[in-house]
Amino acid sequence: MALESAVGEVAIEQNLKQFLLVLSVSLTVATLPQVFSWFRHIPYTLLLVIAGLGLALVDVRLVNLSPELILAIFLPPLLFEAAWNLKWSNLKQDFIPICLYAVIGVLISIAGVALGLNLVAGIPVTTALLVGASLSATDPVSVTALFRELGVDKRLTTLMEGESLFNDGMAVVAFSFLVALPLGTAQLGIQPVVVQLFTVVGIGLAVGGLIGFGISYLTQRFDLPLVEQSLTLVSAYGTYIIAEDLGGSGVIAVVTIGLILGNFGSRIGMNPRTRIIVSEFWEFLAFFVNSIVFLLIGDQVKFVDLAENLTIIAVTIAGMVLARAIAIYGLGFLSNRLANSNIPLSEQTILWWGGLRGSVSIALALSVPSILSEREDLINTVFGVVLFTLLVQGLTTKPLLEKLKLLGDQPLRQQYLESIARQTALKRVLKYLGQVEERPGLEPEFYRYQETLIKGELERLEEQIDKLHNEYPNLRDFTAEQLRMELLSVEADTYAEFVRSGRLNQELAPLLEDVLEEGH
């Protein structure tokens with residue numbers, strides 16, 4: 001007994017050392033863009049993959065990835081954070097194209113990859129279908145982070161994130177069915193497929209919905225920010241585990257509860273201050289988990305095995321890219337005709353090329369039973385394709401955005417905000433200068449000199465701001481949005497002041513928010 005205890009302690013200590021090593025490497029990579037400006041051109045997650053590849057090249061293995069590690073530990077917080085921040089109002093506007101991409105698009109992706117592998121590379125149909133299912137889920141974390149940094153249109157981000165959230169669930173459901181085919185535990189037919197699909201999805205939706213609405217109404221009973229924050233964390237993992245234990249989709253359950261709490265529960269049960277605390281917590285957790293996942297994806301690569309499967313990887317990439325094009329352009333055309341979605345070809349092109357593969361694909365491939373003789377080849381193929389999407393497609397998305405003129409005006413907005421900040425600061429300086437005009441020992445000539453300098457700089461800034469307004473009329477909408485946020489902030493601060501003074505028992509959600517959104 002004492003020996004088992006000692007072995008357990010050594011194992012815990014070893015795992016802790018490995019975890020700290022992974023975290024140290026991730027944080028080191030995170031600081032590189034701040035030290036070397038050239039690295040700022042590479043999205044952070046892709047930089048982690050490159051760092052992991054560097055470690056793999058010198059055969060330094062930090063941790064062995066397992067499907068349980070990714071699906072049960074890493075995936076729930078990533079799904080919850082994305083769903084929490086996805087506005088239902090934006091999702092509702094493009095619900096039809098997102099559903100088409102997430103459901104039919106997954107089937108097209110599986111079929112395209114499977115056909116290519118079977119006809120061109122001679123891979124057995126069951127194995128080819130498993131590869132297709134593993135690669136049918138998109139993981140656009142790197143691309144959406146780039147979108148936010150560059151100020152790309154929010155609708156494009158919503159389309160990409162919405163598709164990713166829902167097709168994760170579809171991919172897992174499809175994979176779980178297809179992996180049973182070569183084992184002889186499932187039958188290929190329309191009826192069993194449809195029944196299993198509705199069962200798995202239905203259980204996931206039911207579990208996520210029940211827990212989500214339950215927590216939403218529960219948090220109305222108290223105002224404890226740390227407890228409410230902890231509840232969201234427990235709910236993300238708990239919902240996933242419960243849905244899986246009941247035979248449903250844990251992925252769909254987590255997406256459901258994230259959407260409910262982010263769009264409903266946080267509005268009726270959390271005051272603005274708590275909501276900010278919870279959002280910042282999930283932003284940190286997503287950064288933390290992504291830092292580990294993308295580093296380990298690069299670190300798990302075995303270059304010798306990839307080289308041996310290079311032909312199969314190339315065929316898979318070709319099939320995947322072609323199937324993705326058929327799905328995006330074909331379903332986009334269908335959605336534009338039937339639902340008046342009005343998704344332009346330029347945005348469809350970004351959706352096509354930006355459909356990266358990541359952690360879900362790796363986890364599904366690793367979960368293939370070892371009894372299947374093609375397991376290692378399948379894993380190597382999926383790893384090779386994931387690396388292609390992350391490094392080739394991920395690093396070329398920004399130039400493609402520039403080529404299609406879809407880059408946002410984030411740099412321009414930053415320049416505008418800096419001018420406004422300097423103007424506000426100098427006006428305060430000028431006001432303070434007027435207060436010290438009569439200070440003993442101050443030469444009038446020195447005072448006038450300082451006043452002239454400040455006024456001259458203010459005039460220059462006013463001209464610069466007017467010029468920006470005239471050249472870029474969209475900045476006026478940005479200014480109005482900034483004012484709207486300031487009004488909401490003033491209102492929320494006022495409620496908080498009433499709570500602190502004891503005149504109000506619980507903070508109110510900003511009443512202006514719905515009014516301003518209606519008028520927006």
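# Notebook: contacts and surface of a predicted model

I searched the whole structure for salt bridges and found six. I note at the outset that this is a predicted model, and I read each entry below with that in mind.

**Entry 1: salt bridges**

I began with Asp-94 and Arg-155, which form a salt bridge whose closest N and O atoms are 2.7 Å apart. Asp-94 sits in the loop between helix 4 (88-93) and helix 5 while Arg-155 belongs to helix 8, so this pair ties together parts that are 61 residues apart in sequence. I then looked up the accessibility of both partners: Asp-94 is buried, at a relative accessible area of 3%, whereas Arg-155 is partly exposed at 22%.

Next I turned to Arg-375 and Glu-376, whose side chains meet in a salt bridge at 3.3 Å from N to O. Arg-375 has a relative accessibility of 18% and therefore counts as buried, since the cut-off for that class is under 20%. Glu-376, at 45%, counts as partly exposed.

The third pair I looked up was Glu-451 with Lys-455, a salt bridge in which the closest N and O atoms are 3.5 Å apart. Because the two residues are four apart in helix 19 (residues 444-471), about one helical turn separates them. For Lys-455 I noted a relative accessibility of 40%, which counts as partly exposed.

I also found a network of salt bridges that links Arg-422, Glu-457 and Arg-460.

**Entry 2: helix 19 and the loop before it**

I wanted to know whether the end-to-end length of helix 19 fits its residue count. At 1.5 Å a residue its 28 residues should span 40 Å, and the end C-alpha atoms are 41 Å apart, so the two values agree. I listed the buried residues of this helix as Tyr-447, Ile-454, Leu-458, Leu-461, Ile-465, Leu-468 and His-469.

From Tyr-447 I went to Val-436, which lies in the loop between helix 18 (410-435) and helix 19. Val-436 is buried as well, with a relative accessible area of 12%. The C-alpha atoms of Val-436 and Tyr-447 are 9.0 Å apart in space, and the two residues are eleven apart in sequence.

**Entry 3: aromatic pairs**

I counted aromatic pairs by the ring-centre rule, and the count comes to ten. In the pair of Phe-95 and Phe-166, the ring centres are 6.4 Å apart and the planes stand at 85°, so I recorded the pair as edge-to-face. Phe-95 is in helix 5 (residues 95-119) and Phe-166 in helix 8 (residues 154-178), so the pair ties together parts that are 71 residues apart in sequence. Phe-95 is partly exposed, with a relative accessible area of 33%, and Phe-166 also counts as partly exposed, at 25%.

I then looked up Tyr-329 and Trp-352, an aromatic pair that is tilted, with 6.4 Å from centre to centre and 45° between the planes. Tyr-329 lies in helix 14 (residues 310-339) and Trp-352 in helix 15 (residues 345-353), so this contact ties together parts that are 23 residues apart in sequence. Tyr-329 is partly exposed at 29% relative accessibility, and Trp-352 is partly exposed at 21%.

I added one cluster to this entry: Phe-80, Trp-84, Phe-281 and Trp-282 together form an aromatic cluster.

**Entry 4: positive phi angles**

I looked here at backbone angles, with the reminder that most residues other than glycine have a negative phi. Asn-340 is not a glycine, yet it has a positive phi of about 50°. I placed Asn-340 in the loop between helix 14 and helix 15, and I recorded it as exposed, at 58% relative accessibility.

Lys-405, again not a glycine, has a positive phi of about 60°. Its place is the loop between helix 17 (375-403) and helix 18, and at 76% relative accessibility Lys-405 counts as exposed.

**Entry 5: a nonpolar surface patch**

Finally I looked up which residues make a nonpolar surface patch of about 370 Å², and found Leu-57, Val-58, Val-60 and Phe-303. Of these I followed up Val-60, which is found in the loop between helix 2 (44-57) and helix 3 (67-84). Val-60 has a relative accessible area of 34% and so is partly exposed; patch membership asks for over 30%.

Terms used: Residues are numbered from 1 along each chain as its sequence is written. This is a predicted model: local features need pLDDT of at least 70, side-chain atom pairs count only at pLDDT 80 or more; totals for chains, interfaces and linings use all residues. Side-chain values use heavy atoms; hydrogens and water are left out. Patches are made of residues with over 30% relative accessible area and no salt bridge: like charges are joined within 9 Å, nonpolar side chains (Val, Leu, Ile, Met, Phe, Trp, Tyr) within 5 Å. Accessible areas come from the Shrake-Rupley method with a 1.4 Å probe; for residues, only the protein chains shown count as cover. A salt bridge is a side-chain nitrogen of Lys or Arg within 4 Å of a carboxyl oxygen of Asp or Glu. Buried means under 20% relative accessible area, exposed over 50%, partly exposed in between (1.4 Å probe, protein chains only). Rings of Phe, Tyr and Trp (its six-membered ring) pair if their centres lie within 6.5 Å; planes under 30 degrees apart count as stacked, over 60 as edge-to-face and the rest as tilted. The expected span of a helix is 1.5 Å times one less than its number of residues.
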